[in-house]
Amino acid sequence: STAQRNQLLADLAAAEAAREGAVTGKTHEDQARAWRRWVQWCESVGLEDIFLDGFSRPERIRLLGAFAMALRGGRFSGPAYDSLAEGTVRSAISYVASTFRDNDRPNPTKDDDGDVGRLLSRLFRAFKNEDPNPVQQKALPPIVLAEVAKKQTTETQRAIGQLCIAAFFFACRSCEYLKVPQAEKRRTEILRLRNIRFFRKGREIPHNSPYLKFADTVSLTFEFQKKDERNDTVNLRASGHATFCPVRMWATIVQ
């Protein structure tokens, strides 16, 4: 009946909307960019069958390998990129494969056994072997935070010092305690007052208590994180230090 058909269409639309919520806006952008580059590459080599429907599985794997080489050489990147790292190329190929799947096509990177084709896997390994060693970020020493905390001339400087030290103890990502660009496209939720709780001898202390800084512990609840974990609560005890104390810093921020 018409009513049943309309209900089916509504359910299909609702399911599609729910699936869209499974990934962030940034992921959608990355997948769209990879697909644009795939289409560009197909046009550059005269390949009209962008979904490779007329090709065998081994041929699809070889074509994806040729596309990976084009990406590796920075053909579709800006002038600042002479070569793309193995991880970047691998991610782009994965996004292209996802678009194939989204359009009810088989994954073009997989062989008959369901594994990544040997030609592709060897290509990725070769890229990785050729890549320079990654430059590790150096840890931020506490002395830097101490210098930041000394700046008390303005309210902004005081707030920066408090946030730096408070976030340091919980190893917070920037998007967990700061407003960042394109925040609406990120999965991580920024911390709110309701996520910060204080306890003394096992009893919770309200935020308006004058004794908030004298709590034994502070608990931060991260409502939604990049790792897909919800309501992850982390507890830390007071250090007793006048400056480097998670309880004192978060109490000051809350107040």
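**Exercise 1.** Work out how the side chains of arginine 192 and glutamate 189 meet, and whether these residues are buried or exposed.

*Solution.* Start with the contact: arginine 192 and glutamate 189 form a salt bridge at 3.7 Å, N to O (a Lys or Arg side-chain nitrogen within 4 Å of a carboxyl oxygen of Asp or Glu). Then check the cover: arginine 192 has a relative accessible area of 32%, so it's partly exposed, and glutamate 189, at 33%, counts as partly exposed too. (Buried is under 20%, exposed over 50%, partly exposed in between, with a 1.4 Å probe and protein chains only.)

Bookkeeping: this is a predicted model, where local features need pLDDT of at least 70 and side-chain atom pairs 80 or more, while totals for chains, interfaces and linings use all residues. Residues are numbered from 1 along each chain as its sequence is written, and side-chain values use heavy atoms, leaving out hydrogens and water.

**Exercise 2.** Find which parts the salt bridge between aspartate 131 and arginine 72 ties together.

*Solution.* First, the distance: the pair meets at 2.7 Å, N to O. Next, the location: aspartate 131 sits in the loop between α5 and α6 and arginine 72 in helix α3, so the bridge ties parts 59 residues apart in sequence. Last, the cover: arginine 72 is buried, at 8% relative accessibility.

**Exercise 3.** Locate the partners of the salt bridge between arginine 200 and aspartate 216.

*Solution.* Their side chains meet at 3.5 Å, N to O. Arginine 200 belongs to strand β1 (residues 196–200), and aspartate 216 to the loop between β2 (203–205) and β3 (217–224), 16 residues apart.

Notes
Helices (H or I, at least four residues) and strands (E, at least two) are DSSP runs, numbered from the N terminus.
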